[in-house]
Amino acid sequence: MPRHGVSPGQGHPGCGRETESHRSRGSPRLRLLWTGLALALALPDSLVLWAPAGAHPLPAQSHSARFGRLVPQLRNAFGWWNLTCPVCKGLFTAIDFGLKKEPGVAWVGSMATKLCKLLKIAPPTVCQSAVQLFEDDMVEVWTRSVLSPSEACGLLLGSTCGHWDIFSSWNISLPAVPKPSPQPPKPPAPGAPVSRILFLTDLHWDHDYLEGTDPDCENPLCCRQDSGLPPASRPGAGYWGEYSKCDLPLRTLESLLSGLGPAGPFDMVYWTGDIPAHNVWHQSRQDQLRALTTVTALVKKFLGPVPVYPAVGNHESTPVNGFPPPFIEGNYSSSWLYEAMAKAWESWLPAEALHTLRIGGFYALSPRPGLRLISLNMNFCSRENFWLLINSTDPAGQLQWLVGELQAAEDRGDKVHIIGHIPPGHCLKSWSWNYYRIVARYENTLAGQFFGHTHVDEFEIFYDEETLSRPLSVAFLAPSATTYIGLNPGYRVYQIDGNYPGSSHVVLDHETYILNLTQANEPGATPHWQRLYRARETYGLPNALPAAWHDLVYRMRGDTQLFQTFWFLYHKGHPPSEPCGMPCRLTTLCAQLSARSDSPALCRHLVADGSLPDVQSLRPRPPFC
């Protein structure tokens, strides 16, 4: 979802991979056909990563919507050959066989590079590097999913010839235990302990950041050694960071961590991933592991004995967003990453948590009596995780595992915090709707949800499924440490009902801290991290419970000054220069109500006056995948 003002649907640079017909007599036409399918699926969510900032959020488009328009064209084109089912399956068996051979992969890469350059999706060198990085994984995925004989022929010739179930609907099972009556948390007694949780997300360390280089280069990521110098009329990248499509030098992260004193002390840290930079077209496994170990060591150095609980971001892997479910084995698997995380984080996590981390990148533990912490691998819900084309049904069994954890916590009388990187409202529809259902079932047990990924300061509200009118939970989406794109560096601190018997463990308030880059980059200046705002004080909230955030959204609909305050803080004190008018405002507010993807009914009251004709199109999406 937004950074408002950045083009939507950006993600991994897995540009359209076309497929070879393996000497079939219809080869040219078939290649064009699958080029079209590849572009329809991949490009809108992939290669637009390098679009510079605009001012307003733009609508997303679901996979199903794109397929809805594409499938009739595909069927008509295949009808031109008058294909029978056996011929169709034989054809795609041959395609899969041919693609897996080295010449097939090379042909896909060559065509993808040409398309990338032709469509000016990225600079030529970026196109070349991105394709080389992605081509092996993408060919493996496409031959096991979209191009498998059963899937492809089921799509093109109907269910009598195969079964197309990519991104089809599915449901997890909930226990037969009746749901307890909703019990809103009681306010803590005066003087009750309050815990402070430091929340770090989207650090995006750029090893090659270089002061003075061009912050507006042609590449997707600038302020780097390969960005060149800016024109004489424009300043170069600042010492501490830059308001542009740039990530952070290590010294800025050191400054953040060394300057935490006034915001502390902290009882624990939630750290929700995205450690490497956005140079996603040119990253090796060695690069990603260097980022993991370097930044983990930095966190340990400055936070010392404070327990840190991490979650896996979508940028940790390479290719970016590439997180195969555990049934993918061998060199394509994510074991190289999960094993390195387990080693780096073993001083923070117990053996039970390290075990599931090594398998699927998620875990659960008990940081204190009465509280269970669950760290989800949200890449298994991601629209941009191309491995889910093979099978998107509850990848790694993570949601069913989550249900088991929540039921066990309910049985014990414990409360639960969930942390993760990608927010649930940004997920594939079935995953998002199942998660929404789980949150509704365990509303009494779930005390807090904490995510990142969007780089801006926002939230997502959950409602009862029966009426979609009773707020029952809120997911907090904290702003990024990185400046990407055009932001101040920042971090979040949550005040939580503290560690005592009977604690609700809910969020009582939160504070956001930033580094004002304009001031920090002045000659002779030193960085000064300052509190930007306190949520309850700034927004006039009676508490930080879901109903208060629901009311805030509807107050902002009619109060321009209040919304402008939100808009300023949403961008960490550095909003776009172009104002956010009413369509932009309603789109932004709709996003705060939408913890369930592809669910326009959640905004029906917000836009009931008809200001925006297509509620389905209101859902902005993050450009940072």
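# A walk through the model, helix by helix and strand by strand

Start by selecting helix α4 and helix α5: V105, V108, G109, A112, T113, C116 and K117 of α4 touch P124, C127, Q128, V131, E135, D136 and V139 of α5. Sorted by character, the residues of this contact are eight nonpolar, three polar and three charged. Keep in mind throughout the tour that you are looking at a predicted model.

Now show the two helices as ribbons. Helix α4 covers residues 102-118 and helix α5 covers residues 124-144; their axes come within 9 Å and cross at roughly 145°. The crossing of α4 and α5 is right-handed.

**Stop two: α3 and α6**

Next, select residues 85-100, which form helix α3, and residues 149-157, which form helix α6. At what angle do the axes of α3 and α6 cross? The answer is roughly 135°, and the axes come within 9 Å. That angle makes α3 oblique to α6. As α3 passes α6, the crossing is right-handed.

To see the contact itself, show the side chains of C85, C88, K89, F92, T93 and D96 in α3, then those of P149, A152, C153, L156 and L157 in α6. Eight of the residues in this contact are nonpolar, one is polar and two are charged.

**Stop three: β1 and β2**

Move along to strand β1 (residues 194-200) and strand β2, which run parallel and are joined by four bridges. Pick out I197 and you will find M268 of β2 opposite.

Stay with β2, residues 268-271, and colour its two faces. M268 and Y270 lie on one side, V269 and W271 on the other, and all of them are buried. In other words, both faces of this strand are covered.

**Stop four: α7 and what surrounds it**

Select helix α7, residues 250-258. Which residues of α7 are buried? They are T252, L253, S255, L256 and L257. Now bring up the surroundings: the cover over these buried residues includes β1, α8, β10 (490-497), β11 (507-515) and β12 (529-534).

**Stop five: α8 and α9**

You have just met α8 as part of the cover over α7, and here is another of its partners. Select α8 as residues 285-303 and helix α9 as residues 335-345. Their axes lie 10 Å apart, and the helices pack at an angle of about 20°. An angle under 35 degrees counts as roughly parallel, and α8 and α9 are therefore roughly parallel to each other. Turn the view and you can follow α8 as it passes α9 in a right-handed crossing.

The residues to show here are R285, Q288, L289, L292, T296 and K300 from α8, together with W336, L337, A340, M341, A344 and W345 from α9. This contact is made up of eight nonpolar, two polar and two charged residues.

**Stop six: a six-stranded sheet**

Now look for an open sheet of six strands, in the order β4-β5-β6-β7-β9-β8, with mixed pairing. Which strands stand at the edges? They are β4 (363-368) and β8 (458-463); each has a single partner strand, so one side of each is left without a neighbour in the sheet. On average, neighbouring strands are turned by 25° against each other, ignoring direction.

Zoom in on strand β5 (residues 371-375) and strand β6 (residues 415-419), a parallel pair with five bridges. Find I374 and then I418 in β6, its bridge partner.

Two helices lie across strands of this sheet. Helix α10, residues 351-360, lies across β4 and β5 and runs at about 155° to β4. Helix α11, residues 398-412, lies across β4, β5 and β6 and runs at about 175° to β5.

**Stop seven: two single residues**

Click on F380, in the loop between β5 and α11. Is F380 buried or exposed? With a relative accessible area of 1%, F380 is buried. Then draw a distance from its C-alpha to that of L428: the two residues are 48 apart in sequence and 9.1 Å apart in space.

Finish at R555, in helix α15 (residues 546-558). R555 has 35% relative accessibility and counts as partly exposed. Beyond its neighbours within four places in sequence, R555 contacts Y539, G540, L541 and L562. One of these, Y539, is 16 residues away along the chain, with 9.9 Å between the two C-alpha atoms.

Key:
Residues are numbered from 1 along each chain as its sequence is written. This is a predicted model: local features need pLDDT of at least 70, side-chain atom pairs count only at pLDDT 80 or more; totals for chains, interfaces and linings use all residues. Side-chain values use heavy atoms; hydrogens and water are left out. Axes are lines fitted to C-alpha atoms, for helices over the stretch in contact, and angles run from 0 to 180 degrees between N-to-C directions. Angles under 35 degrees count as roughly parallel, over 145 as roughly antiparallel, 65 to 115 as roughly perpendicular and the rest as oblique. A crossing is left-handed if the near helix is turned anticlockwise from the far one by less than a right angle, and right-handed if clockwise. Contact means heavy atoms within 4.5 Å. Ala, Val, Leu, Ile, Met, Phe, Trp, Tyr, Cys and Pro count as nonpolar, Asp, Glu, Lys and Arg as charged, and the others, Gly among them, as polar. Buried means under 20% relative accessible area, exposed over 50%, partly exposed in between (1.4 Å probe, protein chains only). Two strands pair if DSSP finds at least two bridges between them.
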